[in-house]
Amino acid sequence: MTGSYLRTYFLAKYVTSNAPALAKLITPLQGFLIETNGYRKMGLRYDDLIAEENPIVQKAINRLPPKEYYDRVFRIRRAHQLSLMHQLLPKEEYLKPEEDVRYLTPYILEVEAEMKEREYFDTMAVVTK
């Protein structure tokens, strides 16, 4: 489980920066998929969709500033309520693409890097002379 989010993140960065032909093909498809997914119509950000059951994500969520944590909980609860009522937000309350920033991803990458470093140092062999 460790490193899976990190690998996916860096693969996406690689494709967008080093494979311009592939990026030109994927970018319109990305916009279409985001629009059909509908999470913005419920006021959610992309990082709100990341499952919390993963210990890495739990540690990252615990590192969020209090305001960001409160906002995340509010967005998720509001989306659950809308889902129960089979409704969407009014169009003027839809999340705009420029507001859909990755607020949790940096913390996840930080926790994964720390866990990878800890694993490296835990398995390091000590050589005595």
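**Close-up 1. The largest nonpolar core of the predicted model, 10 residues in all.** This core is made up of Ile50, Ile56, Val57, Ala60, Ile61 and Leu64, together with Tyr103, Leu104, Ile108 and Val111. Two elements, α3 and α5, each give two or more residues to the core, and the largest share, four residues, comes from α3. In soluble globular proteins, nonpolar side chains tend to be buried together.

**Close-up 2. Surroundings of valine 57, a member of the largest nonpolar core.** When neighbours within four places in sequence are left aside, valine 57 is in contact with Ile50, Ala51, Glu52, Leu104 and Ile108. Among these partners, Ile50, Leu104 and Ile108 also belong to the largest nonpolar core.

**Close-up 3. A second, separate core.** This core has nine residues, and Tyr39, Met42, Leu44 and Tyr94 are among them.

**Close-up 4. The crossing of helix α3 with helix α5.** The axes of α3, which spans residues 55-62, and α5, which spans residues 105-122, come within 8 Å and cross at roughly 120°. Because angles of 65 to 115 degrees count as roughly perpendicular and those over 145 as roughly antiparallel, this crossing makes α3 oblique to α5. The crossing in which α3 passes α5 is right-handed.

**Close-up 5. Residues at the contact of α3 with α5.** On the α3 side the contact is made by Ile56, Val57, Lys59 and Ala60, while α5 contributes Tyr107, Ile108, Val111, Glu112, Met115 and Arg118. Sorted by class, the contact has seven nonpolar and three charged residues, and no polar ones. Ile56, Val57, Ala60, Ile108 and Val111 are also part of the largest nonpolar core.

Methods
Residues numbered from 1 in each chain as written. Predicted model: local features only at pLDDT ≥ 70, side-chain atom pairs only at ≥ 80, totals over all residues. Heavy atoms only, no water. Axes fitted to C-alpha atoms, helices over the stretch in contact; angles between N-to-C directions. Parallel < 35°, antiparallel > 145°, perpendicular 65-115°, else oblique. Left-handed = near helix turned anticlockwise from the far one by under 90°. Contact = heavy atoms within 4.5 Å. Nonpolar A, V, L, I, M, F, W, Y, C, P; charged D, E, K, R; others polar. Core = buried A, V, L, I, M, F, W, Y, C linked by side-chain atoms within 4.5 Å. Buried < 20%, exposed > 50% of the residue type's maximum accessible area, 1.4 Å probe, protein only.
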